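Visitor: Hi, could you walk me through this one? I have the sequence and the coordinates open.
Guide: Happy to, let's take a look together.

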Amino acid sequence: MNSTIKIAPSILSADFMRLAEQVQAVEAAGADRVQIDVMDGRFVPNLTFGAATVRALRPLTRLTLEVHLMVTPPEDFISLFAAAGADTLIFHQEATPHSHRCIQHVHGLGKSAGMALNPSTPAALLNELWDELQLVLVMTVNPGFGGQKFIPQTLKKIRSVRGIIEERGLNCEVEVDGGINVSTAALVTKAGANVLVAGSSIFDPSDGVAAAYQRLHAAALHGVSESVR
Ligand code: DX5
């Protein structure tokens with residue numbers, strides 16, 4: 001499978017009663033990570049997983065556990081999720097005035113750091129931090145729920161983030177999240193995204209996780225072939 005494009009299944013849409021099985025199914029389908037959406041009911045109007053979920057998943061899979069912290073302040077939760085077994089910690093630029101300190105904290109724990117930008121937040125707010133980041137997450141929906149509609153205005157920001165990374169020669173992933181499915185996958189990869197978070201389009205389809213994963217990955221590759229034309 002072409003590894004330039006990665007799919008990060010978001011377990012927010014998984015069947016929580018069969019979570020272990022579903023995570024092992026996406027691992028078997030070729031995923032290199034799963035995303036765990038942590039919501040605190042304050043930064044976003046929803047409540048989801050705690051560190052106990054990460055701790056329970058850790059021994060079950062070799063996948064990278066990517067924790068997307070939709071909490072405020074993120075600095076209060078970084079150590080907790082790192083100790084539970086997270087490999088990558090993503091926090092929101094809008095959730096703290098101390099982004100640089102949060103990144104230092106994540107790196108100090110030997111983990112990878114990512115920053116997420118809500119649809120209304122410009123990429124320019126990362127200007128002092130580009131060299132520190134392993135991943136930038138461009139939200140393609142307003143965070144808080146799965147199954148939302150993709151916001152096409154975010155394509156411009158994906159292009160500008162990819163442009164900055166290329167220009168500076170950075171080793172930083174461009175991840176997108178929200179409303180990613182077989183209709184929108186090629187749009188975001190053509191714009192420069194290389195990691196696609198997907199919840200409902202992976203876990204909802206009736207023909208199973210493996211088929212849904214292959215379908216989405218194939219659709220995403222279309223955007224890559226179009227972008228090189
Ligand atoms: C939303 C979460 C997403 C969500 C994606 O705030 O960050 O990861 O689970 O779900 P879909 O792919 O269904 O839009």
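Visitor: Is cysteine 172 buried or exposed?
Guide: Cysteine 172 is buried, at a relative accessible area of 6%. Keep in mind that this is a predicted model.

Visitor: Okay, and which cysteine sulfur is nearest to that of cysteine 172?
Guide: That would be the sulfur of cysteine 102, 16 Å away, and cysteine 172 is in no disulfide. A disulfide needs the two sulfur atoms within 2.5 Å.

Visitor: How many disulfides does the structure hold?
Guide: The count is 0. Cysteine 102 is in no disulfide either.

Visitor: And is cysteine 102 buried or exposed?
Guide: Buried, with a relative accessible area of 1%.

Visitor: Switching to the fold: how many helices and strands are there?
Guide: The chain has 8 helices and 8 strands.

Visitor: How does its radius of gyration sit against the globule rule?
Guide: The radius of gyration is 16 Å, close to the 17 Å that the rule gives for 229 residues, so the chain is as compact as a globular protein of that length. Along the principal axes, the C-alpha atoms fill a box of roughly 45 × 40 × 30 Å.

Visitor: What share of the residues is buried?
Guide: Buried residues account for 53% of the 229. The accessible surface is about 9,800 Å², and carbon and sulfur atoms contribute 53% of that area.

Visitor: Back to the strands. In what order do they line up in the sheet?
Guide: The order is 1-8-7-6-5-4-3-2, in an open sheet of 8 strands with parallel pairing. At the edges are strand 1 (6-9) and strand 2 (33-39), each of which pairs on one side only.

Visitor: And how many degrees are neighbouring strands turned against each other?
Guide: On average they are turned by 25°, ignoring direction.

Visitor: Can you zoom in on one pair? How many bridges join strand 3 to strand 4?
Guide: There are 4 bridges between strand 3 (residues 64-70) and strand 4 (residues 88-92), and the two run parallel. Within strand 4, threonine 88 stands opposite glutamate 66.

Visitor: Which strands does helix 5 lie across?
Guide: Helix 5 (residues 154-168) lies across strand 5 (112-117), strand 6 (135-139) and strand 7 (173-177). The helix runs at about 165° to strand 6.

Visitor: Last one: what share of the contacts joins residues at least 24 apart?
Guide: Among contacts between residues at least 6 apart in sequence, 65% join residues at least 24 apart.

Conventions. Residues are numbered from 1 along each chain as its sequence is written. This is a predicted model: local features need pLDDT of at least 70, side-chain atom pairs count only at pLDDT 80 or more; totals for chains, interfaces and linings use all residues. Side-chain values use heavy atoms; hydrogens and water are left out. Two strands pair if DSSP finds at least two bridges between them. Axes are lines fitted to C-alpha atoms, for helices over the stretch in contact, and angles run from 0 to 180 degrees between N-to-C directions. Contact means heavy atoms within 4.5 Å. Buried means under 20% relative accessible area, exposed over 50%, partly exposed in between (1.4 Å probe, protein chains only). The radius of gyration is taken over C-alpha atoms; the globule rule is 2.2 Å times the number of residues to the power 0.38. Accessible areas come from the Shrake-Rupley method with a 1.4 Å probe; for residues, only the protein chains shown count as cover.
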